[in-house]
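User: I would like to learn how to read features in a model such as this one, beginning with the links between cysteines. Could you take me through them one at a time?

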Amino acid sequence: MGNIMSSSFAPECTELKTKYDDCFNEWYSEKFLKGKSVENECSKEWYAYSTCIDAALVKQGIKPALDEARKEAPFENGASCKVLKKVRTNIDIELGAFIIIK
Amino acid sequence: MKLFQNTSNFEYPWEQVSTANWNKYPNEVSTHVIAVDVLRRELSKTDPNVLITERLITVKQGVPKWIMYLIGAGDNTSYVREVSTVNKKDKTLVLKSCNLTMCNILKVFETVKYSPHPMDPINKTLFEQEAQITAYGGSLGRICSKMEDWSINRFCENAKKGKIGFESVLKEFHEKLKSKVDDLDLDLDLDLDLDFDLSSTSNLIVNKMNDAMEDVKSTATSMFKETEKKCSILSDYYDLFIDTFEKDLHQQKN
């Protein structure tokens with residue numbers, strides 16, 4: 001769409017990111033939403049960009065925190081948080097105890 | 001734990017909102033967001049209508065000195081991980097995000113949902129936002145509560161900024177879409193024998209026509225309302241005008 005693209009957290013990846021974003025935006029609005037494509041295209045641009053990003057995540061020390069978050073809220077199920085469940089369990093225990101006392 | 005909730009509307013169709021979401025940053029209002037990266041993006045293996053995207057959002061914003069002191073941080077750059085799920089069949093876009101920085105001290109879970117507005121699903125999008133803010137600190141209960149309060153306030157401010165900022169992106173996006181249609185329209189006039197996707201072009205033209213009709217309609221309605229208002233003001237004062245006018249005439253005659 002020719003919009004001003006955001007830059008990458010790693011300046012060395014910004015150019016590759018712009019190329020990928022351009023390709024993705026076109027695919028998303030013209031193909032995916034219109035039901036013309038069931039495949040995520042732009043694989044060439046994606047490979048170049050993600051290789052750059054993966055290296056930068058390690059270099060800048062973001063990777064450990066990211067891995068932790070990925071464990072807590074996995075990508076596969078759309079990142080539904082586990083902490084919520086933890087809170088729920090506490091309430092359940094309290095409720096359980098309450099019922100037992102009663 | 002504190003909870004923040006917010007609901008509002010965008011005056012654009014869901015398709016446009018979900019497309020603009022990928023270009024939400026940078027915008028002139030949410031200047032605290034300095035970078036957005038895609039870490040992983042896949043079509044769901046079980047449902048080809050579902051696209052999942054993991055993004056890293058880099059934020060630079062002022063954190064109170066006492067919080068910085070407490071956590072021994074020197075830099076005010078922080079990272080947020082966001083996982084978004086687009087379901088093009090149900091027309092929903094759900095974004096779930098959580099801070100990566102300081103997350104052992106303060107955790108902000110945000111869930112945002114964009115869906116067609118139930119009252120006007122074709123033209124409007126409903127925006128629902130919820131954030132859970134938890135400060136961990138065991139015995140430091142009061143400090144935690146203070147940190148939660150500060151975070152809630154900051155979240156509230158940023159939510160407002162987010163809305164205004166996204167509006168500006170949507171507007172720009174909408175105008176670009178329109179000008180693209182104009183270009184295509186022109187192309188169609190000039191090179192009729194050019195080989196391009198006629199169905200999508202005609203679709204765009206129909207949309208453009210609809211937009212134009214909508215504009216005309218809304219302008220006409222507002223003009224009509226305006227006229228009506230003026231008329232009613234005039235009619236209110238009609239007798240007074242006539243009176244004054246007649247008095248004037250009378251005086252002039254004498």
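User: In what order are the bonded cysteines of chain A paired, and what counts as a disulfide here?

Analyst: A disulfide is called when two cysteine sulfur atoms lie within 2.5 Å of each other. With the bonded cysteines of chain A numbered in sequence order, the pairing in this predicted model reads 1-4, 2-3. Searching the whole structure gives two disulfides over all chains. One of them joins A:C13 to A:C52, with the sulfur atoms 2.1 Å apart, and the other joins A:C23 to A:C42, where the S to S distance is 2.1 Å.

User: Before going on, what conventions should I keep in mind about numbering and about which atoms count?

Analyst: Residues are numbered from 1 along each chain as its sequence is written, while chains are lettered from A and ligands numbered from 1 in the order in which they are written. This is a predicted model in which local features need pLDDT of at least 70 and side-chain atom pairs count only at pLDDT 80 or more, whereas totals for chains, interfaces and linings use all residues, and side-chain values use heavy atoms, with hydrogens and water left out.

User: Which parts of the chain does the link of A:C13 and A:C52 bring together, and what is its handedness?

Analyst: The handedness is read from the torsion about the S-S bond, which for A:C13 and A:C52 is about -90°, so this disulfide is left-handed. The pair links distant parts of the chain, since A:C13 is in the segment before α1 (14–32) of chain A and A:C52 is in helix α2 (residues 43–59) of chain A, 39 residues apart; helices here are DSSP runs of H or I with at least four residues, strands are runs of E with at least two, and both are numbered from the N terminus.

User: And where do A:C23 and A:C42 lie?

Analyst: The link of A:C23 and A:C42 has -90° about its S-S bond and is left-handed. A:C23 belongs to helix α1 of chain A and A:C42 to the loop between α1 and α2 of chain A, so this pair ties together parts that are 19 residues apart in sequence.

User: Which of these cysteines are buried or exposed?

Analyst: Relative accessible area decides this: under 20% is buried, over 50% is exposed, and in between is partly exposed, with a 1.4 Å probe and protein chains only. A:C13 and A:C52 are both buried. A:C42 also counts as buried, at 7% relative accessibility, but A:C23 is partly exposed, at 22%. In chain B, B:C98 is buried, with 13% relative accessibility.

User: How many aromatic pairs are there, and how do I read their geometry?

Analyst: Rings of Phe, Tyr and Trp (its six-membered ring) pair if their centres lie within 6.5 Å, and planes under 30 degrees apart count as stacked, over 60 as edge-to-face, and the rest as tilted. There are 16 aromatic pairs over all chains. A:F24 and A:W27 form a tilted pair, 5.8 Å centre to centre with 40° between the planes; these two residues are three apart in helix α1 of chain A, or about one helical turn, and both are buried. A:W46 and A:Y49 have ring centres 6.1 Å apart and planes at 70°, so this pair is edge-to-face. A:W46 and A:Y49 are three residues apart in helix α2 of chain A, again about one helical turn, and A:Y49 is buried at 0% relative accessible area.

User: Which residues form the aromatic cluster, and which charge lies over A:F24?

Analyst: One aromatic cluster includes A:F24, A:W27, A:W46, A:Y49 and, from chain B, B:W22. A charge sits over a ring if NZ of Lys or CZ of Arg is within 6 Å of the ring centre and within 35 degrees of the ring normal. B:R41 lies over the face of A:F24, at 3.4 Å from the ring centre, and B:K24 lies over the face of B:F166, at 5.3 Å.

User: Where should I be cautious in chain B?

Analyst: The guide is pLDDT, the predictor's confidence in each residue, from 0 to 100. Where pLDDT is low, the predicted coordinates should not be read in detail. Chain B has a mean pLDDT of 73, with 60% of its residues reaching 70 or more; among its elements, helix α4 (residues 198–253) has the lowest mean, 52, and strand β2 (residues 33–43) the highest, 93. Residues 185–202 of chain B fall below 50, and this stretch has eight contacts beyond near neighbours in sequence, a contact being heavy atoms within 4.5 Å.
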